[in-house]
Amino acid sequence: MLLLGSSSLSVLALTNNRFSDVIPVVLAWSRCMVRLQLSGKRLAGTIPAELGKQTELKILELNNFSGDIPSELSNYSRLTHLNLDGTA
């Protein structure tokens, strides 16, 4: 988890994974993240509202996710790519 909490982490691409848990809140700790790809098969729960603090985020992919999408995600003023394909 130390890597995920890094304040200088700018890209996290975990596509085609087999994670079967919730998205960790610790992902919101990196203030310079520009790309977050979590295209898992079985991610569940809620998307942490804290992810709305990612003001530099340009690419967000949360494919095949089941859960609520918090209104805080509307804070992404730099977002150029959003993929929620298969999200229920």
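**Exercise 1. Determine how exposed K58 is, and which parts of the chain surround K58.**

Solution. Step 1: K58 has a relative accessible area of 40% and is therefore partly exposed; the class lies between buried, under 20% relative accessible area, and exposed, over 50%, with a 1.4 Å probe and protein chains only. The model is predicted: local features need pLDDT of at least 70, side-chain atom pairs count only at pLDDT 80 or more, and totals for chains, interfaces and linings use all residues. Residues are numbered from 1 along each chain as its sequence is written, and side-chain values use heavy atoms, with hydrogens and water left out.

Step 2: K58 belongs to the loop between β2 and β3. Strands are DSSP runs of E with at least two residues, helices are runs of H or I with at least four residues, and both are numbered from the N terminus.

Step 3: Apart from residues up to four places away in sequence, K58 touches V34, R78, L79, T80 and H81; contact means heavy atoms within 4.5 Å. For K58 and L79, which are 21 residues apart in sequence, the C-alpha to C-alpha distance is 3.9 Å.

**Exercise 2. Describe the overall make-up of the protein.**

Solution. Step 1: The protein has four strands and zero helices. Read from the N terminus, the order of elements is β-β-β-β.

Step 2: The protein has 88 residues, and 34% of them count as buried.

Step 3: The accessible surface is about 5,000 Å², and 53% of this surface belongs to carbon and sulfur atoms. Such areas come from the Shrake-Rupley method with a 1.4 Å probe; for residues, only the protein chains shown count as cover.

Step 4: Among the contacts with a separation of 6 or more, 31% are between residues 24 or more positions apart.

**Exercise 3. Find which side chains meet in a salt bridge, and state where the two residues lie.**

Solution. Step 1: Side chains of opposite charge can pair when their charged atoms come close. The criterion is a side-chain nitrogen of Lys or Arg within 4 Å of a carboxyl oxygen of Asp or Glu.

Step 2: The count by this rule is one salt bridge. R78 and E56 form a salt bridge through their side chains, at 3.5 Å from N to O. The pair links distant parts of the chain, 22 residues apart: R78 is in the loop between β3 (59-61) and β4 (81-83), while E56 is in the loop between β2 (35-37) and β3.

Step 3: R78 is partly exposed, at 43% relative accessibility, and E56 is also partly exposed, with a relative accessible area of 27%.

**Exercise 4. Establish what surrounds the side chain of E61, and of Q37, with which E61 makes a polar contact.**

Solution. Step 1: E61 is in strand β3. E61 is buried yet has no salt bridge, and R35, the nearest side chain of opposite charge, is 6.7 Å away. For charge, Lys and Arg count as positive and Asp and Glu as negative, whereas His and the chain ends are not counted.

Step 2: A polar contact of 2.9 Å joins the side chains of E61 and H81. The term denotes a pair of N or O atoms within 3.5 Å; within protein, one must be able to donate a hydrogen and the other to accept it, and residues adjacent in sequence count only if both atoms are side-chain atoms.

Step 3: Beyond its neighbours within four places in sequence, E61 is in contact with L36, Q37, L38, S39, H81 and N83.

Step 4: Q37 lies in strand β2 and counts as buried, at 8% relative accessibility. The Q37 side chain makes polar contacts with the side chain of E61 at 3.1 Å and with that of R35 at 2.6 Å.

Step 5: With neighbours within four places in sequence set aside, the contacts of Q37 are L12, A13, L14, T15 and E61.

**Exercise 5. State how many residues apart along the chain R31 and Q54 are, and what distance separates their C-alpha atoms; then treat C32 and S71 likewise.**

Solution. Step 1: R31 is in the loop between β1 (11-13) and β2 and is partly exposed at 46% relative accessibility. R31 and Q54 are 23 residues apart along the chain, and their C-alpha atoms are separated by 5.7 Å.

Step 2: C32 is in the loop between β1 and β2 and is partly exposed, at 28% relative accessibility. Its C-alpha atom is separated by 7.2 Å from that of Q54, 22 residues apart along the chain.

Step 3: S71, in the loop between β3 and β4, is exposed at 58% relative accessibility. The C-alpha atoms of S71 and A49 are separated by 7.6 Å, with the residues 22 apart along the chain.
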